[in-house]
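This briefing goes through a predicted model. It takes up the sheet, the helices packed on it, and the empty spaces, followed by a few single residues.

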Amino acid sequence: MDKPFDGEISRFFAEDLPVELRASLKDAGKGDVVDASFPYDSRMPRKEYEAMMAALQIELVKLQRHLTDSGTRLCVIFEGRDAAGKGGTIRRIMENLSTRGAKSVALSKPTDTEKGEWYFQRYIKHLPTAGHLTIFDRSWYNRGVVEKVFGFCDDDQREAFFKQAPQVEKLLVEDGIVFRKFWLNVGRGEQMRRFLSRESDPLKQWKLSWIDVEGLKHWDAYSSAITETLERTHTDHAPWTVVRSDDKRRARIAAIQSILCSIDYAGRNADVVCSPDPKICGGPDIWHA
């Protein structure tokens, strides 16, 4: 079976990945966590995860009913390194919600027309109306990280972004939108493992892009851009929630719990909607390169 991008991911693993990471991946079992700094050695057991996720799905339906009845607008941003689990987390949030009042937005690269507009303009049109939820699968924070790493914007454009982003987000909050933003953080070894899985699975190869492959060479540049972005856009009105996602199961539960804790809705099950695990979910202080 042909591998996408001429097997570049496998080649990077065999030749360019740091030796200690390559060794840890070869030694790791299927359920083991690769990153030694992660607070758990293995992923959450499936039965425990499925039971918790089923209970959280009921709470999400209650939340949507509250949004509809109260006219509350909820906007959630998911950011993170490639293969950090953004898409899977968003799917778990959306799977039992009515698409009449909830949508996921994943914008492709800007058109020539959009390039000539105010940077935030193409995102603003997707903000939720009364009673609706909008989830952004990547957002305006592309400018803070990806565009910086690959030279898709210049320094002046990025500085303008850092000046405007907190102002834009403050306006959203002042207008009554409940606004949450998440950074899903995955370790380098786990990211490599997920890329190798995608490369060898014909049902997952579509997830890979040229940016993913080239990004493997720019781990340190990504780390620097992420650090600066979190530092400059973590505000009182729009704080970052960082979720360590080397274990996708724990990460999904923590993200959903955090969203559910954002709004007081009728019938909340306090045994389910509790504070997310502080070992993997917190502010930018728990992010690490």
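E1 and E4 run parallel and are paired over seven bridges. Within that pairing, Glu 79 stands opposite Trp 183 of E4. The two strands belong to an open sheet of six strands in the order E2-E3-E1-E4-E5-E6, where the pairing is mixed.

**The sheet**

- Strand E2 (102–105) and strand E6 (281–282) are the edges of the sheet; each has a single partner strand, so one side of each lacks a neighbour in the sheet.
- E2 pairs with strand E3 (residues 133–137) in the parallel sense, over four bridges.
- Ser 104 has Ile 135 in E3 as its bridge partner.
- E4 and E5 also run parallel, joined by five bridges.
- In that pair, Leu 184 has Val 243 in E5 as its bridge partner.
- Of the eight residues of E4, seven are buried, so this strand is largely enclosed by the rest of the structure.
- In a regular strand, side chains alternate between the two faces of the sheet.

**Helices against the sheet**

- Helix H12 (residues 248–260) lies across four strands: E1 (74–80), E4 (178–185), E5 (240–244) and E6.
- The angle between H12 and E4 is about 165°.
- The buried residues of H4 are Lys 86, Gly 88, Thr 89, Ile 90, Ile 93 and Met 94.
- The cover over these buried residues of H4 includes strands E1, E2, E3 and E4, together with helices H3 and H12.
- An α-helix has 3.6 residues a turn, so residues three or four places apart point the same way.

**Asp 82 and Arg 138**

- Asp 82 lies in the loop between E1 and helix H4 (86–94).
- Is Asp 82 buried or exposed? Its relative accessibility is 11%, and the cut-off for buried is under 20%, so Asp 82 counts as buried.
- The side chains of Asp 82 and Arg 138 are joined by a polar contact of 2.7 Å.
- Leaving aside residues up to four places away in sequence, Asp 82 touches Arg 138, Val 186, Gln 191, Phe 195, Ile 211, Asp 212 and Tyr 222.
- Arg 138 is in the loop between E3 and helix H7 (146–149).
- The phi of Arg 138 is near 75°, which is positive although the residue is not glycine.
- Most residues other than glycine have a negative phi.

**Cavities**

- Rolling a probe the size of a water molecule over the atoms shows where empty space is left.
- Five cavities of 30 Å³ or more turn up in a search of the whole structure.
- The volume of the largest cavity is about 60 Å³.
- Which residues line the largest cavity? They are Arg 81, Asp 82, Gln 191, Phe 195, Asp 212, Gly 215, Leu 216, Trp 219 and Tyr 222.
- At least two residues of this lining come from each of helix H9 (188–200), helix H10 (210–215) and helix H11 (219–233).
- Asp 82 is thus part of the lining of the largest cavity, and its contacts include the lining residues Gln 191, Phe 195, Asp 212 and Tyr 222.

**The second largest pocket**

- The second largest pocket has a volume of about 180 Å³.
- Its lining consists of Tyr 40, Met 44, Glu 48, Met 52, Arg 250, Ile 253, Ala 254, Gln 257, Cys 274, Ser 275, Asp 277 and Ile 280.
- Helix H3 (46–70) and H12 each contribute at least two residues to the lining of this pocket.
- H12 gives the largest share of that lining, four residues.
- H12 therefore lies across strands of the sheet and also supplies residues to the lining of the second largest pocket.

**Other single residues**

- Phe 5 is in the segment before helix H1 (8–15).
- The phi of Phe 5 is near 55°, another positive value in a residue other than glycine.
- With a relative accessible area of 36%, Phe 5 is partly exposed.
- Ser 224, in helix H11, is partly exposed, with a relative accessible area of 48%.
- Ser 224 and Ala 54 are 170 residues apart along the chain, and 38 Å separates their C-alpha atoms.

Definitions and conventions: Residues numbered from 1 in each chain as written. Predicted model: local features only at pLDDT ≥ 70, side-chain atom pairs only at ≥ 80, totals over all residues. Heavy atoms only, no water. Pairing = 2+ DSSP bridges. Contact = heavy atoms within 4.5 Å. Axes fitted to C-alpha atoms, helices over the stretch in contact; angles between N-to-C directions. Buried < 20%, exposed > 50% of the residue type's maximum accessible area, 1.4 Å probe, protein only. Polar contact = N/O pair within 3.5 Å; in protein donor to acceptor, adjacent residues only side chain to side chain. 1 Å grid on protein atoms, 1.4 Å probe; cavity = no way out; pocket = protein on both sides within 12 Å on 5 of 7 lines; lining within 4 Å. Points joined across faces, edges and corners; volume = space filled by probe spheres on them.
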